[in-house]
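I wanted to go through this model in order, beginning with a single residue and ending with the contact between its chains. These are my notes on what I looked up.

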Amino acid sequence: MDKNDKKNNRRNFLKNGLTVGGSMLAMGMGPAIAKDSAGEGKSSGEKIKVLTTEGKVIEVDKPEDDCKIDPCEPPKGNAARQGIPGRSFVMVIDLARCKNARKCIEGCQKGHNLSPDQEWLNVYLMKDNPESEPYWFPRQCFHCDIPPCVKVCPVGATYKRQDNIVLVDSNRCIGCKFCMTACPYSVRIFNWKKPPESDVAKEDYSPESSVPAQIGVVSKCDFCPDRSREGKLPYCASGCPMGAIYFGDKNEDAVSNGTETLRFRQLIKDRVGYRYLDELGTEPNVYYLPPVERMFDYKSGLNDLSEEKKEVYKNIIEGDHPQNN
Amino acid sequence: MKVIILKTTNAMENSSDLMKKLARNLETPSRQWYMWVAILSIIVLFGVYALIRQIQEGQFITGMRDNAVWGIYTANFIFFMGLSYAGALVSCSFQLLRIQWAKPLLRIAELITVSTLIVGAPYILFCLGRLDRIHYLLMYGRIQSPITWDVIAISTDLIFCVAFLYFTHIRDFAKLRDLQGLKVSKWRKKLYTVLALNYRGTPLQKKYLHQAHDIMAAIIIPTAVIAYSLLSWLFGMSLKPGWHSTIFGPYFVVTAAYSGVALLIIIMWLYRKSRKLEDYITNKHFNYMAFGLVLLTMAYGYFTFSEYITDWYNQTTQMSTLLGKFTDISQYGGLQLFHVIFTMFVPLIILGLPWFRSINSITLVSLFIVVALWVKRYLIVVPPLETPFIPIQDVRPEYVYYSMSWVEMTLTISGLALIVLIFTIASKIAPIIPVAELEDVEDASKPIIRFSTKGA
């Protein structure tokens, strides 16, 4: 609270001082406004006065977040608990488009410096009932609104932010793994081994970027808020060659897979989007579009797999019931 | 009134004789005793080595992986904590209900409480990936988390139980202090003097100590019930099929009492044999405890049946899968069968029917019950972890099925050794039979409930 008050005071002070001699500040605000007008940021509805290069005082929308100013450093430590104000991140996965190319996994692993056996997101082969056709099911963290993992954390190392994201603070986590048992979606992974070497220095760690990783703590999909700050899609969404993964903002009512941007609510409404295991009451923020009118046969996703993996999937494909494998 | 145990101890003057007799066990230890302690210590040190390796190399050297993120450590934790709470329940109810025949067993029950608590509680810490951050539990503790509930409950319980154990020792320490011709080293004599807190057996001291016993016992019983229920809710609060069960609180408490009484019988047998205590730990004690065990068998069977039957009848996908693993002999069928036979059928037949009942058979059955209840804890922890909502599609076998590594095995064995070591040392400091308690049998002037021993 104290911090916020201070910040507001500082803002008011700057605001009052602006009209008098704010040319320097106007220069500083330049990139932010430019970015805002490019549709990247969101306005808070407040107006502020700035001095243009021609010497005119104009009123513009006040950018709602300092972090829109380049470079968008992800906040460290407790500052990362707030979340990006006004945002409500959401993901939509079009199951009709997924063919188990696994580029999303690769992109994620590369981006977060994970070792190849660590999968923050995974592609499962699902078969809802004996009669239905199997389909590929990418599963990342659902960033639930009522996250069971956050509920059980004894030290507040994992937390829910106001921008929908559930993060893990590797500097806080004691590695009890209680959150892993609590998550009904098997999303979380544990760093059993020493993580791969990272270029990022230890003191530059931010829960938003999740790099560098530490041994003996829990990690998981972070929805890439550091990428959002830069105006980029998460690694999985930008990595998917099929454009199956849409990422966006519920408040803006827009999701994008990099090539097309759609109205989120209309998309869910029209395609009857659903949330996996919604009945558990966790209120996930990842929506699935049912795998109807598919672009690919699910079998095409089996081609490049190892024999062991094929064996696992064989049980699912032939199984009377998807659970009895 | 004739009381079973008091052939030699039913008068005041005899009790110091009793102390004299029992104190012989406390005198300067033999070489055998030192050897025994050395062997146990070495086993414990192996555990310390395993723990150091685990801290150095990370939990990769355990059998735990994603999915089965907890394993034998958590099973041990529930198991030992259950024994501890049971010891507390048994000793405190005996104390409060003024059950005279059980007095020789009080100290064993109290030692079970404290030793298994000291050994059991750290097992949950072995699950931590970052033991170096253990103080975060206090620094950043969140009351919403069941782990925090456990931290509070276990530390409270530990303080109460250690206090109760100490209170019940004070009069014996005073006796040992006053005992002439006790061949122990000087520091031991001094230790007794300090620990006896200048207890002289004045009426006021007697009264206060008696009240302290009763108050502690009355506090510990609900504490133990609450603490073990909280522990069960580590699992019950989860969404996980197999864990999410409303019956877990009372089920765990009954299971704890069951395993604790069985362990009490085993330790009774061991001390009776090794210390020649046939006069004090008698056939009657074994029979009475066996009756208790039969009652607990039925209670346990009832809870187990109602847990499984409700899940089985519903046939939800998740539960069917899990129950399928319990009936599949290639998965957990064997363990489940072992558990069912030795916690439900064998005790009822061997202990419930008079023909097979003897001190040795009662003890043997108790041993199987304790082992089977450990198996049950394993079945509570591991199979549900291997049965998540999204079926595991991993090709790495260690990520699909849990199997313990040498580290976990070593730490388990050394935990058992540490309990034996604590018993070995504790029963060298004070007699395993609470001498002063036996004295009280005659002047239990204001019993709450008198356990009739007429005709015994």
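**A threonine in chain B.** I started with Thr113(B), which I found in helix α4 (residues 106-126) of chain B; helices here are DSSP runs of H or I with at least four residues, strands are runs of E with at least two, and both are numbered from the N terminus. The model is a predicted one, in which local features need pLDDT of at least 70 and side-chain atom pairs count only at pLDDT 80 or more, whereas totals for chains, interfaces and linings use all residues. I kept to residue numbers that run from 1 along each chain as its sequence is written, with chains lettered from A and ligands numbered from 1 in the order in which they are written.

Is Thr113(B) buried or exposed? I noted it as buried, because 30 other C-beta atoms lie within 10 Å; the cut-offs are 20 or more for buried, 12 or fewer for exposed and partly exposed in between, counting other C-beta atoms within 10 Å of the residue's own, with C-beta atoms placed from the backbone. Leaving out residues up to four places away in sequence, I listed Ser84(B), Gly87(B), Ala88(B), Ser91(B) and Cys161(B) as what Thr113(B) touches, a contact being two C-beta atoms, placed from the backbone, within 7 Å. I also looked up Leu83(B), which is 30 residues from Thr113(B) along the chain, with 6.8 Å between the two C-alpha atoms.

**Helix pairs in chain B.** I next looked at α6 (residues 146-178) and α8 (residues 203-236) of chain B, which pack at an angle of about 155° with their axes 9 Å apart; axes are lines fitted to C-alpha atoms, for helices over the stretch in contact, and angles run from 0 to 180 degrees between N-to-C directions. I therefore wrote α6(B) and α8(B) down as roughly antiparallel to each other, the term for angles over 145 degrees. The crossing of α6(B) past α8(B) is left-handed, meaning that the near helix is turned anticlockwise from the far one by less than a right angle. By class, I noted 23 nonpolar, four polar and three charged residues in the contact of α6(B) with α8(B); Ala, Val, Leu, Ile, Met, Phe, Trp, Tyr, Cys and Pro count as nonpolar, Asp, Glu, Lys and Arg as charged, and the others, Gly among them, as polar.

For α9 (residues 248-274) and α10 (residues 283-314) of chain B, I found a packing angle of about 150° and axes 9 Å apart. That makes α9(B) roughly antiparallel to α10(B), and their crossing is left-handed. Among the residues that meet there are Tyr251(B), Val254(B) and Tyr258(B) in α9(B), and Phe286(B), Leu293(B) and Tyr300(B) in α10(B). By class, that contact has 17 nonpolar, three polar and one charged residues.

**The sheet in chain A.** Turning to chain A, I counted nine helices and 13 strands, and noted that buried residues make up 45% of its 325 residues. Five of the strands form an open sheet of mixed pairing in the order β12-β11-β10-β3-β13, where two strands pair if DSSP finds at least two bridges between them. β12 (261-263) and β13 (286-289) of chain A stand at the edges with a single partner strand each, so one side of each has no neighbour in the sheet. The twist averages 25° from one strand to the next.

I then followed β3 (residues 89-94) of chain A, which pairs with β13(A) in the parallel sense over four bridges and runs antiparallel to β10(A), joined to it by five bridges. The bridge partner of Val92(A) in β10(A) is Tyr246(A), and in β13(A) it is Tyr287(A). Six of the six residues of β3(A) are buried, with Phe89(A), Met91(A) and Ile93(A) pointing one way and Val90(A), Val92(A) and Asp94(A) the other.

**Between the chains.** Last, I looked up the contact, which takes 41 residues from chain A and 37 residues from chain B. On the side of chain A that touches chain B, the largest share, four residues, comes from α5(A). By class, that side of chain A has 24 nonpolar, nine polar and eight charged residues.

Key
Parallel < 35°, antiparallel > 145°, perpendicular 65-115°, else oblique.
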